[in-house]
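Student: Please pick one part of this model and take me through it closely, from its layout down to single residues. I would also like to know how the terms are defined as we go.

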Amino acid sequence: MKHYLLFASHSYSYAIMRPLEKAIRERGDIAAWYLEDTCPNWLEKDELLLTDYQQVYDFNPIACIVPGNVVYDFFPGVKVQIFHGYPVQKRGEKVDQNFHMRGWFDIYCSPGESSSVILEKLEKKHGYFKYYKTGWCTSDPFFAPENASDREVHTPPSILYAPTFTKNVTSVDVMDNLIDKLCQEKDWKWIISFHPLITDTSVIERYKSLEKKYPEKVTFLNKSNGIERFLKSDVMLADSSAIICEYLMFGKPVVTYRNTCPGPHIIDCRQLEDIPAAIELAMQRTDKVMEPINIYTHWHEYHFDGKNSYRVLDAIDDFILNYKGKLKKKPLNLIRKYKLRKRIGYWKDFFKR
């Protein structure tokens with residue numbers, strides 16, 4: 001029986017790793033969670049939580065699976081990066097920050113060709129990790145048979161507003177007044193779902209007030225309800241949020257406000273007053289709107305069969321069998337290790353790599 005550790009630093013980790021947990025259980029193995037202080041405890045009663053380092057050592061996982069950029073190097077098991085989003089360069093950078101090699105990981109699980117074109121070069125350059133074309137395990141529920149039927153436009157239509165938290169990119173400072181205006185003018189429903197790192201209480205209260213003002217039209221989600229918000233909506237309104245690509249996987253259009261990397265796969269508006277007409281266009285789902293979405297999603301995601309989590313587990317088995325201990329050693333990472341240990345107060349195995 002194999003043991004796997006699911007290492008979570010933020011609340012978005014649940015949607016990313018629960019499909020993987022399901023696949024682990026279906027194979028008769030055991031998954032346990034380790035939550036950093038920055039991640040709320042939303043575990044169910046049947047999910048296993050490890051609360052200290054000794055419990056992790058006793059659990060002795062063969063792999064530590066991480067959707068973030070940092071992992072405790074002293075934890076047992078090969079370190080596996082599964083990513084917390086598709087590489088959409090929401091800050092406008094040439095290379096997504098997910099591909100800044102920090103020397104923590106043995107395995108990178110590539111979601112799609114957009115990731116592999118970068119990972120292949122980095123693997124050859126650094127030589128201490130392997131990448132696998134697994135697809136992104138988060139997308140497995142997207143293609144489950146029970147979710148395939150809920151893709152038609154609802155009556156009345158429903159719009160999901162999902163802004164990013166990134167400063168100078170987020171639209172939260174200006175979008176509440178427009179939503180208020182559209183609630184008065186249009187027979188549309190709204191689902192407002194903030195990124196978990198949007199923590200400004202004054203901003204949150206402004207949008208919650210819309211729910212109080214229009215209880216029949218506006219739903220404010222205090223925490224993500226996973227893909228349910230995707231299934232219940234017909235169009236996403238966003239800015240440059242990484243969640244855009246996930247929404248497009250459902251074959252549903254996205255309208256953006258001043259997106260940092262606009263393209264034919266989205267309907268981008270530079271002015272607020274253009275957004276209502278863009279939403280109307282998106283709801284029509286014409287070939288001109290939908291065909292670029294299909295091209296874009298197949299560039300970012302390899303597999304559309306709901307089995308990516310199994311591919312991640314197969315990749316771990318292959319690495320342990322064929323590559324573990326046979327690649328270049330990871331960098332000592334002394335500065336990063338010092339900062340990490342200082343933050344968590346752990347000083348053992350400092351020179352281990």
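Tutor: Happily; here is a close look at one sheet, with its setting first.

This is a predicted model, in which local features need pLDDT of at least 70 and side-chain atom pairs count only at pLDDT 80 or more, while totals for chains, interfaces and linings use all residues. Residues are numbered from 1 along each chain as its sequence is written, and side-chain values use heavy atoms, with hydrogens and water left out.

The protein chain has eleven helices and 13 strands; these are DSSP runs numbered from the N terminus, at least four residues of H or I for a helix and at least two of E for a strand. Buried residues make up 54% of its 353 residues, where buried means under 20% relative accessible area, exposed means over 50%, and partly exposed lies in between, with a 1.4 Å probe and protein chains only.

Now to the sheet itself. Six strands form an open sheet with parallel pairing, in the order E10-E9-E8-E11-E12-E13; two strands count as paired if DSSP finds at least two bridges between them. At the edges are E10 (218–221) and E13 (267–269), each of which pairs on one side only. On average, neighbouring strands of the sheet are turned by 20° against each other, direction ignored. Axes here are lines fitted to C-alpha atoms, for helices over the stretch in contact, and angles run from 0 to 180 degrees between N-to-C directions.

Within this order, E8 (residues 158–161) and E11 (residues 235–238) pair in the parallel sense over three bridges. Tyr 161 stands opposite Leu 237 in E11. Helix H5 (residues 201–213) lies across E8, E9 (189–193) and E10, and runs at about 145° to E10.

Just past E11, the loop leading to helix H7 (243–248) holds Ser 241. Ser 241 is buried, with a relative accessible area of 6%. Leaving aside neighbours within four places in sequence, Ser 241 is in contact with Ala 162, Pro 163 and Thr 164, contact meaning heavy atoms within 4.5 Å.

For the chain as a whole, residues 24 or more positions apart account for 65% of the contacts with a separation of 6 or more. Along its principal axes, the C-alpha trace spans about 60 × 40 × 40 Å.
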